[in-house]
Amino acid sequence: MRLLHTSDWHLGRSFHGVGMLDAQRGFVDQLVARVEELSVDIVLIAGDVYDRALPGVDVVNLLDDALVRLTGAGARVVLTSGNHDSAIRLGFASRLMERGGVHLRTRLAELDTPLLLPIGGRPDDGRSPALAIYGIPWLEPRLVADQLGVETASHFEVTRAATDRIRADIARRSRSRDVHSVVLAHTFASGGISSDSERDLSIGGVGAVPLDLFAGFSYTALGHLHGRQALSPEVRYSGSPLAYSFSEAQHQKGGWLIDVDESGVTAVEAVLWDAPRKLAVLRGTISELLESGRHAWAEDAYCQVTLTDAQRPAQAMERLRARFPDTLVLGFDPEGAPPSATVSYSSRLAAAEDDLSICCGFLEHVRGREPDDAERSLLAEALETVRLQGVSL
């Protein structure tokens with residue numbers, strides 16, 4: 001039996017204002033092709049299927065098309081909800097969809113109800129080795145603590161309660177047969193080992209659960225982090241299929257192909273996705289960026305540019321887009337800036353000698369560069385016009 005671990009599709013997401021639906025359609029095309037090429041039996045989607053709780057009609061249609069094509073290619077689909085999804089909406093008609101090979105695990109009550117499949121393609125006689133696939137949706141501690149019977153509403157406690165329920169179900173089923181388990185979970189897992197004195201790690205306000213909560217499962221398919229990575233041989237993140245921020249520029253997007261036989265998981269291999277566009281993170285002075293041949297590769301990429309000129313160049317975005325048309329993010333980090341660049345605006349205002357100094361100081365504050373001679377002359381002319389009209393500043 002062969003499984004393909006994916007997650008964090010984020011259908012409907014944009015990239016710095018650029019719509020990504022066409023790129024996401026391209027990913028679905030690749031996914032279906034790999035399912036057919038590699039004879040994948042089960043596609044796993046570990047949460048954040050959509051990018052928002054109320055996806056647009058065209059986004060819903062894309063997921064509908066993906067599920068129809070995947071099942072048409074002969075694969076079952078098992079998916080859980082993530083923190084970006086509405087679990088209720090995503091889980092609509094789950095019992096009906098199960099008949100078509102799409103198994104939704106978005107309800108808390110179903111986290112210990114697996115998709116149970118006999119290994120080897122034989123009819124299930126209740127005694128032959130089987131694969132049990134469980135799905136843990138995103139667990140918001142305050143909302144699920146009571147239902148899971150825990151007193152402390154933390155990511156650690158609710159995840160431990162959820163995995164304990166799954167282990168109990170595996171133990172019950174293992175009395176009469178060998179059961180190999182795959183668990184989908186949308187969560188933030190750390191690499192640490194838990195103890196009674198360590199409950200909930202927190203990074204950026206998001207609770208992180210220790211890795212050993214997933215100990216004993218044949219494979220844990222995680223979602224939530226966008227970088228493909230292995231926390232252990234049995235616990236992995238597939239990452240997102242597309243880059244959704246410039247911080248992912250160096251990611252090699254893909255998933256994990258898992259082979260299972262009657263002895264358990266026999267192999268885990270990387271599967272890679274082709275990126276629709278390159279991402280470029282560029283830094284330097286505007287003249288160096290516009291003139292250097294070493295940046296030619298970025299001319300057809302989505303670009304994030306940080307200019308290091310001591311003063312902010314005039315018409316910087318327009319000039320950059322003449323060479324890099326898809327510059328989406330522009331920042332400034334001046335190197336060797338004059339001392340005045342570090343002076344607060346209030347201090348500069350207090351030190352101003354006349355109205356022209358106030359206007360020039362404001363212009364420098366908001367633009368990051370001093371006005372040139374022509375701009376200074378225009379400001380002086382405007383101030384003189386106001387003075388002659390008898391208007392007090």
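Hi everyone, this is a short walk through one protein chain, from its overall make-up to a pocket and a helix.

Before we start, please keep in mind that this is a predicted model.

Let's begin with the whole chain. It has 393 residues, and 44% of them are buried. Going along the chain, you will find eleven helices and 19 strands. How much of the contact count comes from residues far along the sequence from each other? If we take contacts with a separation of 6 or more, 64% of them join residues 24 or more positions apart.

Now to the pocket. The largest one has a volume of about 410 Å³. Its lining is made of 24 residues, and the closest to the centre are Ala243, Ala275, Arg277, Lys278 and Leu279. Sorted by class, 15 lining residues are nonpolar, five are charged and four are polar. If you want to find the pocket on your screen, two elements can help: strand β3, residues 18-19, and helix α1, residues 21-38, each bring at least two residues to the lining. Which element gives the most? That is α1, with three residues.

Finally, let's look at helix α11, which covers residues 373-388. Does its length come out as expected, or not? With 16 residues at 1.5 Å a residue, α11 should span 22 Å, and because its end C-alpha atoms are 22 Å apart, the two values agree. Have a look at the start of α11 too: there, a side-chain oxygen of Asp372 comes to within 3.2 Å of the backbone nitrogen of Ala374.

That's my tour, and thanks for listening!

Note on methods: Residues numbered from 1 in each chain as written. Predicted model: local features only at pLDDT ≥ 70, side-chain atom pairs only at ≥ 80, totals over all residues. Heavy atoms only, no water. Helix = DSSP H or I, 4+ residues; strand = E, 2+ residues; numbered from the N terminus. Expected span 1.5 Å × (residues − 1). Polar contact = N/O pair within 3.5 Å; in protein donor to acceptor, adjacent residues only side chain to side chain. 1 Å grid on protein atoms, 1.4 Å probe; cavity = no way out; pocket = protein on both sides within 12 Å on 5 of 7 lines; lining within 4 Å. Points joined across faces, edges and corners; volume = space filled by probe spheres on them. Nonpolar A, V, L, I, M, F, W, Y, C, P; charged D, E, K, R; others polar. Buried < 20%, exposed > 50% of the residue type's maximum accessible area, 1.4 Å probe, protein only. Contact = heavy atoms within 4.5 Å.
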